[in-house]
Amino acid sequence: MIELKSKIAQFEFENPLMNASGVWCENAEKLDEMKNSSSGSFVTKSATPQLREGNPSPRYVEVPLGSINSMGLPNLGFDFYLNYSLKFQEENPGKINFLSIAGMSMEDNLEMLHKLNDSDFKGLTELNLSCPNVPGKPQIGYDFEATEKILEKAFEFFKKPLGVKLPPYFDFAHFDEMAEILNQFPLAYVNCINSVGNGLYIDTENESVVIKPKDGFGGIGGAYVKPTALANVRAFYTRLNKNIKIIGCGGVESGKDVFEHLLCGAEMVQIGTHLARNGVQVFDKILTELSEIMNQKGYNSIDEFRGKLKSL
Ligand code: RRO
């Protein structure tokens with residue numbers, strides 16, 4: 001029997017797969033499908049204190065090697081995702097989900113963290129520091145001082161397991177600097193990576209962009225971003241204290257992709273563009289493929305190879 005269990009903070013998951021926040025998780029119908037799928041867990045759409053409509057459409061487009069989006073944080077508001085999670089945990093004792101928050105300001109984030117801290121929520125909270133798509137709002141994760149400040153403020157009172165969703169970094173100096181900041185805090189995990197921000201996809205025939213917001217600029221996901229995602233998983237796995245787990249996200253379409261994320265050090269692996277394109281049946285297929293690879297290689301559990309990427 002192949003063992004696929006993963007662990008973050010005090011929580012154990014049947015397998016390492018889940019959705020990427022933003023995909024298949026914006027409303028009750030989609031979350032119910034995630035809940036009933038074979039994924040190990042699920043995360044809710046990044047929430048703001050109040051409902052948001054988001055940016056005008058078209059705002060998510062699938063392109064040959066991935067996707068481009070500028071959704072602009074459409075969500076049903078924090079209370080909806082908290083209530084959904086509370087009901088889920090009541091109906092599924094022992095099962096754990098992730099709740100993502102992405103305030104438009106420090107105050108928004110602290111307000112939602114206070115509500116979570118004071119609630120019966122028993123899952124993992126994810127602070128999204130990397131939404132690339134709100135016009136006029138730069139990503140917190142690219143502002144090292146602001147990142148340190150929000151984590152300082154959060155950990156003054158927040159007592160539940162907390163993780164952060166990071167943007168991709170592209171320079172060793174930035175991996176080093178961000179890791180030094182993150183290592184100061186009792187984080188449960190970091191999630192690498194959010195979409196590669198502000199790419200531009202062009203429809204050559206029409207000589208046009210393909211999404212409406214921000215003159216076509218948007219976050220890139222899918223196969224385009226796998227090497228960047230793996231690099232970020234690896235860079236943080238090798239720099240962070242070992243009690244901070246890594247969630248890998250980016251370019252996962254197969255069991256082989258999951259295996260690569262795990263080899264770089266990921267504890268859990270998320271699926272975004274591929275899930276958006278194909279629906280929740282992807283989890284069964286990818287779990288089968290992962291088990292087959294492990295079988296062929298003679299691994300009985302993920303712990304036998306997690307993080308053990310070889311250098312030359
Ligand atoms: O809603 C979005 O536009 C969005 C968010 Br919050 C995010 O974190 N990443 C992304 O690609 N899109």
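Reader: What makes the ligand's approach to the backbone of Gly72 a polar contact?

Author: An oxygen atom of the ligand sits 2.8 Å from a polar backbone atom of Gly72. A polar contact is a pair of N or O atoms within 3.5 Å (inside the protein, one must be able to donate a hydrogen and the other to accept it, and sequence neighbours count only through two side-chain atoms), so 2.8 Å qualifies. By the way, this is a predicted model, where local features need pLDDT of at least 70 and side-chain atom pairs pLDDT 80 or more, while totals for chains, interfaces and linings use all residues. Residues are numbered from 1 along each chain as its sequence is written, and side-chain values use heavy atoms, leaving out hydrogens and water.

Reader: Which side chains have an N or O atom 2.8 Å from a ligand oxygen?

Author: Lys45 does, with a side-chain N or O atom 2.8 Å from an oxygen of the ligand. Asn133 also puts a side-chain N or O atom 2.8 Å from a ligand oxygen. The protein covers 92% of the 310 Å² of accessible area (Shrake-Rupley method, 1.4 Å probe) that the ligand has on its own.

Reader: What makes a residue part of the group surrounding the ligand?

Author: One of its heavy atoms has to lie within 4 Å of the ligand. Lys45, Asn69, Met71, Gly72 and Leu73 are among those that do, and so are Pro74, Asn128, Cys131, Pro132, Asn133, Asn194 and Ser195. This shell splits into 5 nonpolar, 6 polar and 1 charged (Asp, Glu, Lys and Arg are charged; Ala, Val, Leu, Ile, Met, Phe, Trp, Tyr, Cys and Pro nonpolar; the others, Gly among them, polar).

Reader: Why is the ligand's space called a pocket?

Author: A pocket is an open set of points on a 1 Å grid over the protein atoms alone, where a 1.4 Å probe fits and protein lies on both sides within 12 Å along at least five of seven lines; if the probe couldn't get out, we'd say cavity. A molecule sits in one if more than half of its atoms lie within 2 Å of its grid points. The space taken by the ligand is the largest pocket.

Reader: What volume does the largest pocket have, and what lines it?

Author: About 840 Å³, counted as the space filled by probe spheres on the points, which are joined across faces, edges and corners. It has 44 lining residues (an atom within 4 Å of a point), with Ser21, Gly22, Val23, Lys45 and Asn69 closest to its centre. That lining divides into 17 nonpolar, 19 polar and 8 charged.

Reader: What about the second largest pocket: which residues lie nearest its centre?

Author: Gly103, Met104, Ser105, Pro138 and Ile140, out of 19 lining residues. Its volume is about 300 Å³. Helices α3 (106-118) and α4 (144-157) each give two or more residues to its lining (helices are DSSP H or I runs of at least four residues, strands E runs of at least two, numbered from the N terminus).
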